[in-house]
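Work through these exercises with the model open beside you. Try each task before you read its solution.

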Amino acid sequence: MLKDYFNFINKVSVNRLGKWGVILTTSSFLVFVIMELARMVGILTNAYIGLITYLLFPTLFVIGLIMIPISWSQQKKSSGKTTRQLLDEQFNEDETAASFFGSKVVLSIIALTLINVLFLLIASTQMLGFMDEPVFCGTACHSTMHPEWISYQQSPHARVHCVECHVGEGAGALIQSKLNGAYQMLSITFNLYEKPIPTPVHQLRPARETCEKCHWPEKFYGSRIKSYARYQMDEASTPKYTTLSLKIDAGKGKEKAGIHWHIAKENEVRYTSVDDKRLEMIWVEAVRADGSVTRYNNRKLLDSERQENPATRIMDCVDCHNRATHIYEDPSMAIDDRIHKGLIDRTLPYIKKEGLAAISGSYKTKEEGMEGVRKQLEGFYRRNYPALAATQMDKIDDAVETLQSIYNRNIHPGMNIVWGSYPNFIGHRQNSGCFRCHNENMVNDSGQAISYECTTCHSILAQEEDQPFKYLQPPDKKDKTYQMHRYLQNEFLESYSE
Ligand code: HEC
Ligand code: HEC
Ligand code: HEC
Ligand code: HEC
Ligand code: HEC
C-alpha cells in the first residue's frame, strides 16, 4: 500500500516544481499530524505553536497541492505534449487502462482528493475550535492581552471561555468576530491600538445572549451578606469590619424589588451618558411593566451639553458588572484581602501601611516595579526593625512575594494600566458605580431624585466597627451612635418580613 503510494507520488511529479509540491504537501501533512498528537497528549500547550499548527501547515499543504497541477501544465508547455501523452509516459499501461470505474490513476486521484478535503475540513474545524480557547485569546497577542489574561485566570469566570462573553452564539456573531480579529491583528502589527485598550462598550454582545445563558434574572432573590475586614494604618494593622446585606432581589414585579430590579424582564432602564466611559449621565429613564416612563435629568449639566444627545443605551449586566472578569483591584483592598487570607502576616509592624506604600509607588517598567516593591519593604524593616529583619526574614519574604503578585496582577506599565485605569461600577467608590444615577442631581419633573438613601441597596450591619455584626447586638444607650445603631438594626430585621 505504502509502496503503491510512493510509486504514484513519484510518477505524479513530472518536473522539479512537481517534486517540491509533493514534498511540501506530504511533509506538512506529517508534521501537522505529529504536532496535533503532541497537543492532544499535552506536550505542546503554547498558543504560538497552535497558531503554527493550524495556520501554517494547512497553508503549506494547499500550496504544495496547487504546485502539482501547475507543474503538469508547465511540463505540457515545455514538451508540447498533451496530458494523455504525458500520462502514458509517466504511468504504465496497466495503470492508465480504462476499466468500468475509470483507470487506476483516476481512482487514485479521486481517493487522494477525498483524503485531502477531509484533512482540510478537520484542520479548519480544529483551528476554529482552537481560536475559541481562552489560552489562544489570552496569549497569542502576548503583551497586548496579558493584563486581561492575568485578571481572567484569577476571576470567578476562569473556566468560562472568552468567546462566551465576547462573541456570543450564531454564525453572524462568529463572522463579525473573525473580521474584527483580522483588524486587530493588523492594528497590533502596526501598533495602531490604544493603550490601555478601551472598554468594548459597543462591540460586546447584549448581555441577554451572553451572561444570561448562565445567570438569569429570576435567579436573583433575597439578599447576600458581604463582610469586609479593613486593616488600619497603625503599627498592629488593626482590623475594622464592614458588613452589608446586599438586597440583590430582581423583584418579580412586586413592590419589594432590589438591586436586580433594573434587569427584571418587566422593567427597562435606558440612559445616555456624556461619553463612552459612562461615568456621567445626561438622562435616565425607568420603564415599568405598565408602560409608564419616568425620566430623570441631570440638573448639573448645561443645556448645551445635554443637546449633543449621543446614542441611548439600554442598561444591562455590564453597566454594573463591567469588571465581572477583568477585575482590577483597589491597592488598599487588595492588601486587606491578602492579610485576611493569611498570605501576609499581620504581626509584621506597619505591614498594611508599608505594603501599600510599596505597591503604590510609580515605577517605569514591570521589572522595576517588582524590584521596587522588594527594596521598599525590605529597606523599611532593615532601617526601622533591624532585629526583626535579622530573625524573621522568611515572613518578610512571604509578604514581599504576595505584594509582588498583587502588583503583577494589577499594574501593566507596557499597556499604561495603573491603579484605577479601569473603574469598577459595582458599589460607589470615587463617585462612580451606582451613584452615577443614584444621586441628588438626577431628578424627575417634580424634582424627585433617584433614591440614594443608604439602605436602598443594602442593610448596614457594621461600618468600620471592631466586630463584623456590631449593629445586630443590643445597642448601648450611652453610645453616641445609639440612634443610628438601633435604626440600622430595625431596618435589617424588617427587610426580611413581608
Ligand atoms: C464573563 C464574561 C467575560 C469573559 C469570560 C471574558 N471577558 Fe473580556 N470583557 C468582559 C466585559 C464585561 C468587559 C468590559 C465591558 C465593559 O466595561 O462594559 C470585557 C473587556 C475586555 C477587554 C477590553 C479591556 C477592558 O478590560 O475593558 C479585553 C481586551 C478583553 N475583555 C479580552 C478578554 C480575553 C482575552 C478573555 C479570555 C482570556 C476575556 N476577555 C474573557 C467580559 C468577559
Ligand atoms: C458560561 C457560563 C457563564 C457566563 C456566560 C457568564 N457567567 Fe458569570 N459566573 C459563571 C460561573 C460558573 C460563576 C462562578 C460561580 C461561583 O463561583 O459560585 C460566575 C460568577 C459570576 C459572578 C460572581 C458571583 C459571586 O459569587 O461573586 C458575577 C457577578 C457574574 N458571574 C456575572 C456575569 C456577567 C456580568 C456575565 C456576562 C458579561 C457573566 N457572568 C457570564 C458562569 C458564567
Ligand atoms: C444595577 C446594577 C446591577 C445590574 C444591572 C446587574 N447586577 Fe448583578 N449584582 C449587582 C450587585 C451590586 C450585586 C451584589 C454585589 C456583589 O456580589 O459584589 C450583584 C450580584 C450578582 C451576582 C451574585 C449573586 C449572588 O447570589 O451572590 C451575580 C451572579 C450577578 N449579579 C449577575 C448579574 C447578571 C448576569 C446581570 C445581568 C442579567 C446582572 N447581575 C445585572 C448589581 C447589578
Ligand atoms: C444608569 C442608571 C442607574 C445605575 C448606574 C444604577 N441604577 Fe439603580 N435605579 C435606576 C433607576 C432609574 C431606578 C428606578 C427609579 C425609580 O423608582 O423610578 C433604579 C432603582 C434601583 C433600586 C430600587 C428598585 C425598587 O424600585 O425597589 C435599587 C435597589 C437600585 N436601583 C440599586 C442600584 C445599585 C446597587 C446600583 C449600582 C450597582 C445601581 N442601582 C445603579 C438607575 C440606575
Ligand atoms: C444605589 C445603591 C446604593 C446606595 C444608595 C448606597 N450604597 Fe453603599 N454600596 C452599594 C453597593 C452595590 C456596594 C458594593 C458591594 C460590593 O462590594 O460588592 C456598596 C458598598 C458600601 C460600603 C462598603 C464599601 C467599602 O469599600 O468598604 C459601605 C461602607 C457603604 N456601601 C455604605 C453606604 C452608605 C453609608 C450609603 C449612604 C450614604 C450607601 N452605602 C448608599 C450600593 C449602594
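## Exercise 1: The sheet

Asn298 stands opposite Met442 in S7. This is a predicted model: local features need pLDDT of at least 70, side-chain atom pairs count only at pLDDT 80 or more, and totals for chains, interfaces and linings use all residues. Residues are numbered from 1 along each chain as its sequence is written, and chains are lettered from A and ligands numbered from 1 in the order in which they are written.

Task: work out the strand order of the open sheet and find its edges.

Solution.

Step 1. Fix the terms. Helices (H or I, at least four residues) and strands (E, at least two) are DSSP runs, numbered from the N terminus. Two strands pair if DSSP finds at least two bridges between them.

Step 2. Start with the pair S5 and S7 (residues 442-443). They are antiparallel and share two bridges.

Step 3. Move to S4 (residues 281-287) and S5 (residues 293-298). Five bridges join these antiparallel strands. Glu285 faces Arg295 of S5. Val287 has Val293 of S5 as its bridge partner.

Step 4. Look at the turn. Five residues lie between the strands of the S4 and S5 hairpin, and Gly291 there has a positive phi near 90°.

Step 5. Assemble the sheet. The order of the five strands is S6-S3-S4-S5-S7, with antiparallel pairing. S6 (313-314) and S7 are the edges: each has a single partner strand, so one side of each has no neighbour in the sheet.

## Exercise 2: The two ligands

Task: describe the residue shells around ligand 1 and ligand 2, and place ligand 2 relative to the domains.

Solution.

Step 1. Define the shell. A residue is near a molecule if its C-beta atom, placed from the backbone, lies within 6 Å of it.

Step 2. List the domains. The assignment gives domain 1 (2-131), domain 2 (136-197), domain 3 (223-324 + 425-495) and domain 4 (331-415). Such bounds come from an automatic or database domain assignment.

Step 3. Take ligand 1. It has 24 residues around it, and Gly138, Cys162, Cys165, Thr199 and Asn322 come nearest. H7 (134-139), H8 (146-153) and H9 each supply at least two shell residues. H9 gives the most, with four. Domain 2 and domain 3 each contribute at least three residues to the shell around ligand 1.

Step 4. Sort that shell by class. Ala, Val, Leu, Ile, Met, Phe, Trp, Tyr, Cys and Pro count as nonpolar, Asp, Glu, Lys and Arg as charged, and the others, Gly among them, as polar. The shell around ligand 1 has 15 nonpolar, seven polar and two charged residues.

Step 5. Take ligand 2. Of its 15 surrounding residues, Pro156, Cys211, Cys214, Cys317 and His321 come nearest. H9 (162-166) and H11 (211-214) each supply at least two. H11 gives the most, with three. The classes are nine nonpolar, four polar and two charged.

Step 6. Place ligand 2. Domain 2 and domain 3 both give residues to its shell, so ligand 2 lies between them.

## Exercise 3: The cores

Task: find the largest nonpolar core and the helices that build it.

Solution.

Step 1. Set the cut-offs. A residue is buried if 20 or more other C-beta atoms lie within 10 Å of its own, exposed if 12 or fewer, and partly exposed in between; C-beta atoms are placed from the backbone. A nonpolar core is a set of buried Ala, Val, Leu, Ile, Met, Phe, Trp, Tyr and Cys residues joined through C-beta atoms within 7 Å.

Step 2. Pick the core. The largest has 21 residues, and Val373, Leu377, Ala399 and Leu403 have the most contacts inside it.

Step 3. Name the helices. H13 (331-340), H14 (351-360), H15 (366-384) and H17 (393-410) each give two or more residues to this core. H17 gives the most, with six.

Step 4. Check one residue. Contact means C-beta atoms, placed from the backbone, within 7 Å. Beyond four places in sequence, Leu403 touches Gly355, Ala358, Ile359, Val373 and Leu377.

Step 5. Note the other core. Apart from the largest lies another of 10 residues, including Ala207, Cys211, Trp261 and Val318.

## Exercise 4: One glycine

Task: is Gly50 buried or exposed?

Solution.

Step 1. Locate Gly50. It lies in H3 (residues 47-79).

Step 2. Count. Gly50 has 23 other C-beta atoms within 10 Å, so it is buried.

Step 3. List contacts. Leaving aside neighbours within four places in sequence, Gly50 is in contact with Arg39, Phe130 and Phe136.

How values were computed. Contact = placed C-beta atoms within 7 Å.
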